[in-house]
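Colleague: Hey, could you walk me through this one? I'm new to reading structures, so plain words please.
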Amino acid sequence: MNIIIVGAGKVGEALCQELSQVDHNVTLVDTDEMVIDNLINKYDVNGLVGNGANVATLQEVAVEYADIFIATTDSDEVNIIACTLAKKLGAKHTISRVRNPEYSQQFEIMKSQLGISLMINPELSAAREIARTVRYASSLSVQPLANTRVSLVEMEIQSDSILVNMPLHDFRQRFGSVLVCIIKRGEKVFIPSGNDVLMNGDKIYFAGQSKDTAKFNRQIKQPDRLIKSVMLVGGGKITHYLLPLLEHNHMEVKVIELDENRAECLAHDYKHARVIHSDGTNPDVLQEQGLSEYDAFIALTGVDEENLILGLYASKQGVKKVITKLSRVNLLKVVDSHALKTIVTPKQLVANEIIQFVRSRANAQGSNIEALYRVADAKVEVLLFKVADNCQVLNMSLQQMSLKKNVLITCIIRKGKIMFPNGQDMLQPEDRVIVMTTHTGFTDIEHILEK
């Protein structure tokens, strides 16, 4: 595919890293020559110094031959204009990053009138991710699949858990309604087999329907208690999007914001939340506001280092659920981040949305991928495939398939029914299949097979 990216910031660089690893022709456009030189030396991409919202620049990068045009500059208006021009000049699909809350309320109208294929908002995506994760105390993350009918839940195995030293073939016999799909053991992430044994400190991802995941938590004597109260530090765009989601979940919310005007706006717009104008990075302020009495703490300042320290401090104070927003996850390498169990990275969420869109366009060219998610620090891909009637995976049981290593057929949706298959099950035409793998680049379900 011919892909043009305008804007070489955090999201633009993440996209260069992702897309250059696959067989795409990627061209990066930015006004900063030094940034362009750095990224074309770092990744297998082409570069052009110029204004992506300028017709001459777009013509120079042959935008009329672009399969996908992506605008991710810091300016919403530049992104919208660039996408509109690119579409008029012949680009097949356009994607615009738009962060202004006012624009976010009219995405559908703007898309239809301006011909923009996808409009994405990093802060809105981050708020939705946090809202999913913050609902339950013991779940580190929750990824809804198959139109929310299946959940992929991340949890950490504690030393006193009945799961410690349990072989997975015993797990399946005992908890047949849920399936362990991924194990993260230290820095190692892998798709387990029945011979693997769960260990203390493992972070596991298990899949099941909501009623079954709740039953599983009760069976292991770790009921996932609902979060009822949340303290946030930082009143930026993510908080703006997050507060109505927390209100919908009937949570008691306190926001600490240093900027007086921003605090006043939040207090005016969100009556259900208590907004405190103060310095939330000051431990004395946090103690005064009753930090240890809250079920959850969310660090959402605009400074990564502050969020790291705040997250570690809240965890030390005994807060059950701590969520930390980071733009640069490499900072975790220089601190003891064991206490920071839930990290939200807006740029990676947006990159994942765009990668899903790119891969689904491959679908239009003969593949059958319908959805894609990234989990376990983006080391595992979760893919939803639709099985075609001429597919090589038909007419054989799962145990007869010669699957690549680190591939798991997790779930089959057949005529609306959810199935967690065993080795005797067979795929049928029109099935939708959830596959998890540490491989990258799958665009067809046949790619799960060894050649």
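Colleague: How many disulfides does a search of the whole structure find?
Modeller: Zero disulfides turn up in the whole structure; a disulfide here is a pair of cysteine sulfur atoms within 2.5 Å. Before we go on: this is a predicted model, where local features need pLDDT of at least 70, side-chain atom pairs count only at pLDDT 80 or more, and totals for chains, interfaces and linings use all residues. Residues are numbered from 1 along each chain as its sequence is written, and side-chain values use heavy atoms, with hydrogens and water left out.

Colleague: Why is Cys391 not in a bond?
Modeller: The closest cysteine sulfur, in Cys411, is 17 Å from the sulfur of Cys391, and that is too far for a bond. Cys391 is also buried, with a relative accessible area of 8%. Buried means under 20% relative accessible area, exposed means over 50%, and partly exposed is in between (1.4 Å probe, protein chains only).

Colleague: OK, new topic. How many residues are in the largest nonpolar core?
Modeller: That core has 47 residues, and Ile5, Leu15, Leu19, Ile70, Leu427 and Ile445 have the most contacts inside it. A nonpolar core is a set of buried Ala, Val, Leu, Ile, Met, Phe, Trp, Tyr and Cys residues joined through side-chain atoms within 4.5 Å.

Colleague: Which helix gives the most to this core?
Modeller: Helix H14, residues 346–363, with six residues. Helices (H or I, at least four residues) and strands (E, at least two) are DSSP runs, numbered from the N terminus.

Colleague: And what is Ile70 in contact with, leaving aside its neighbours within four places in sequence?
Modeller: Its partners include Ile3, Ile5, Leu15, Leu19, Ile95 and Ile354. Contact means heavy atoms within 4.5 Å. There's also a second, separate core of 29 residues, with Leu124, Ile238, Leu242 and Leu349 among them.

Colleague: Let's do sheets. In what order do the strands of the open sheet with E18 come?
Modeller: The order is E18-E19-E22-E20-E21, five strands with antiparallel pairing. Two strands pair if DSSP finds at least two bridges between them. Strands E18 (369–375) and E21 (417–419) are the edges, each pairing on one side only.

Colleague: How many bridges join E19 to E22?
Modeller: Six bridges join E19 (residues 380–386) to E22 (residues 432–437). Within that pairing, Leu384 has Ile434 of E22 as its bridge partner.

Colleague: What about the open sheet with E7 in it, which strands does that one have?
Modeller: That one is also open, with five strands in the order E7-E8-E11-E9-E10 and antiparallel pairing. Its edges are E7 (141–145) and E10 (188–190). E7 pairs with E8 (residues 150–156) over five bridges, and Pro144 stands opposite Ser151 in E8.

Colleague: Last topic, charges. How many salt bridges does the structure hold?
Modeller: There are 16 salt bridges, each being a side-chain nitrogen of Lys or Arg within 4 Å of a carboxyl oxygen of Asp or Glu. One of them joins Asp377 and Lys184, at 2.3 Å from N to O.

Colleague: Where do Asp377 and Lys184 lie?
Modeller: Asp377 lies in the loop between E18 and E19 and Lys184 in strand E9 (residues 179–185), so the pair ties together parts that are 193 residues apart in sequence.

Colleague: Is Asp377 buried or exposed?
Modeller: Asp377 counts as exposed at 51% relative accessibility, whereas Lys184 counts as buried at 14%.
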